[in-house]
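Trainee: I should like to work through this model with you, one question at a time. May we begin once it is in view?

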Amino acid sequence: MNLKILVLPLILSFMSIPLVSLYSQDYDFKIYKNFSDLENAHFDIRDDRVHVINFWATWCAPCIKELPYLDALTEKYGDKIKVTLVSLDFPRRIDSALVPFLTKNQLKSEVVLLDDGRANVWIDLVDSGWSGAIPATVVFMNGKKHFYEKEFHSFEEVEEIVLKINQ
Amino acid sequence: MKKYLFQMSVLLLTMFVLSSATYTSNNDGYTIGEKASDFTLKGTDDKMHSLSDYKDVNGYIVVFTCNTCPYSVLYEDRLIELADQAREMGFAMVAVNPNDPDIQPEDSFEKMKVRAKEKGFNFPYLLDEGQTVYPKYGATRTPHVFIMDKDMIVQYIGAVDDNSKDASEVKEKYMYKAMKAIKKGKTPDPATTKAIGCTIKAKKA
């Protein structure tokens, strides 16, 4: 009995080693393996701020084009608007694509990575109207939510969607 | 005269609103149970292809895909395997590149030819020239799969399977399952699925 109690944590700790070592390198961003964890941390927060959550990837050309407009929200309205840039980059491309991109661009907004393979489930949880094409952006404030499956072409366009939720 | 002008502008405005409304509803694309229309598009073999070229089939598969989207590239080998399975199960399968080559030059007809040859595509790879087919179907991303039964009724819309990143981690082969169901005269379950993909490249309206 005593032995079992001793051995169990030992086994568990060994089991967790591969998980930890997979992402052993320290990144400046969080990696979510489960959409629900991302949802709990970033979605449906009612704190009188406008939350903008953008799904993007370094391989998505229209995403890269609109990213500066979204990031400019943080620069201009940092305390009133919370922008989260959810990268859907492939985990094996973190070092070769995502990290160099972030180093080069020095974004002001929070970047996180979502690596949850069950896209058929979580796409609907983000918005039932989303087909899965990126870029895609969710804007919410105090329980009100708007969803955009489109590319923004200017900072004015991005400011507009923020004003719209604020009305 | 002024009154006449006012009436004219009201009429014009009404016409504009009505026309834009119909445009939007046409733009939504097919839903399950609707009849899909045929098309004639040029393939990388320089021949024109229509779904009606295929006689006595159990159904039709149209996969919107392209050269450039990383998700499309991830699925190339799986589509080659699925094309063999489709043939065995009596389905006609074609791939359609919906992107405007003016916006994405790597998706040009010439580049499609190169890619088809490199990968040894065993299915016609067609260019949606003028981008008339993908809006009709309602494709929004690549890859995006549409499966019709033998009467061209749409039975499945969505992803190839449930794991884009890793073929060995796939738990549900949506496309294969849908073919099996349609062949037996049953409704696919699920009939619609979602996956992350690349937006279709088109000029701004």
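The exchange below treats the two chains, a sheet, a helix, the contact and one loop residue.

Trainee: How many helices and strands does chain B have, and what share of chain B is buried?

Mentor: Please keep in mind that this is a predicted model. Chain B contains five helices and nine strands, which follow one another from the N terminus as α-β-β-β-α-β-α-β-α-β-β-β-α-β. A residue counts as buried when 20 or more other C-beta atoms lie within 10 Å of its own. By that criterion, the buried share of the 205 residues in chain B is 40%.

Trainee: And how many helices and strands does chain A have, and what share of chain A is buried?

Mentor: Chain A has six helices and seven strands, in the sequence pattern α-β-α-β-α-β-α-β-α-β-β-β-α. Of its contacts between residues at least 6 apart, 69% join residues at least 24 apart. The buried share of the 167 residues in chain A is 32%.

Trainee: Which strands stand at the edges of the five-stranded open sheet of chain B?

Mentor: The sheet has the order 5-4-3-7-8, with mixed pairing. Each edge strand has a single partner, so one side of it is left without a neighbour in the sheet. The edge strands are strand 5 (125-127) and strand 8 of chain B.

Trainee: Within that sheet, which residue of strand 4 of chain B stands opposite B:Val62?

Mentor: Strand 3 and strand 4 of chain B run parallel and are joined by six bridges. Helix 2 of chain B lies across both strands, at about 150 degrees to strand 4. The residue of strand 4 opposite B:Val62 is B:Val94.

Trainee: Why do the buried residues of helix 5 of chain B lie on the same side?

Mentor: In helix 5 (residues 174-183) of chain B, the buried residues are B:Tyr174, B:Met175, B:Ala178, B:Met179 and B:Ile182. An α-helix has 3.6 residues a turn, so residues three or four places apart point the same way. The buried residues are put on the same side of helix 5 of chain B because they cover an arc of only 135 degrees.

Trainee: What covers those buried residues, and which residue just after helix 5 of chain B takes a positive phi?

Mentor: The cover includes strand 3 (59-64), helix 2 (70-88), strand 4 (91-97), strand 7 (144-149) and strand 8 (154-158) of chain B. Just beyond helix 5 of chain B, a positive phi of about 80 degrees is taken by B:Gly185.

Trainee: Which element of chain A gives the most to the side that touches chain B?

Mentor: The contact draws 14 residues from chain A and 15 residues from chain B. Two elements of chain A give two or more residues each: helix 5 (119-126) and strand 5 (133-134). The chain A side comprises nine nonpolar, four polar and one charged residue. With four residues, the element that gives the most is helix 5 of chain A.

Trainee: Which residue of strand 9 of chain B does A:Ile134 stand opposite?

Mentor: Strand 5 of chain A pairs with strand 9 (residues 197-199) of chain B in the parallel sense, over two bridges. The residue opposite A:Ile134 is B:Cys198.

Trainee: Finally, is A:Lys150 buried or exposed, or in between?

Mentor: A:Lys150 sits in the loop between strand 7 (144-148) and helix 6 (155-166) of chain A. Its C-alpha atom is separated by 6.1 Å from that of A:Pro135, 15 residues apart along the chain. Because A:Lys150 has 14 other C-beta atoms within 10 Å, its class is partly exposed.

Definitions and conventions:
Residues numbered from 1 in each chain as written. Chains lettered and ligands numbered in written order. Predicted model: local features only at pLDDT ≥ 70, side-chain atom pairs only at ≥ 80, totals over all residues. Buried ≥ 20, exposed ≤ 12 C-beta atoms within 10 Å, placed from the backbone. Arc of directions from axis to C-beta. Contact = placed C-beta atoms within 7 Å. Nonpolar A, V, L, I, M, F, W, Y, C, P; charged D, E, K, R; others polar. Pairing = 2+ DSSP bridges. Axes fitted to C-alpha atoms, helices over the stretch in contact; angles between N-to-C directions.
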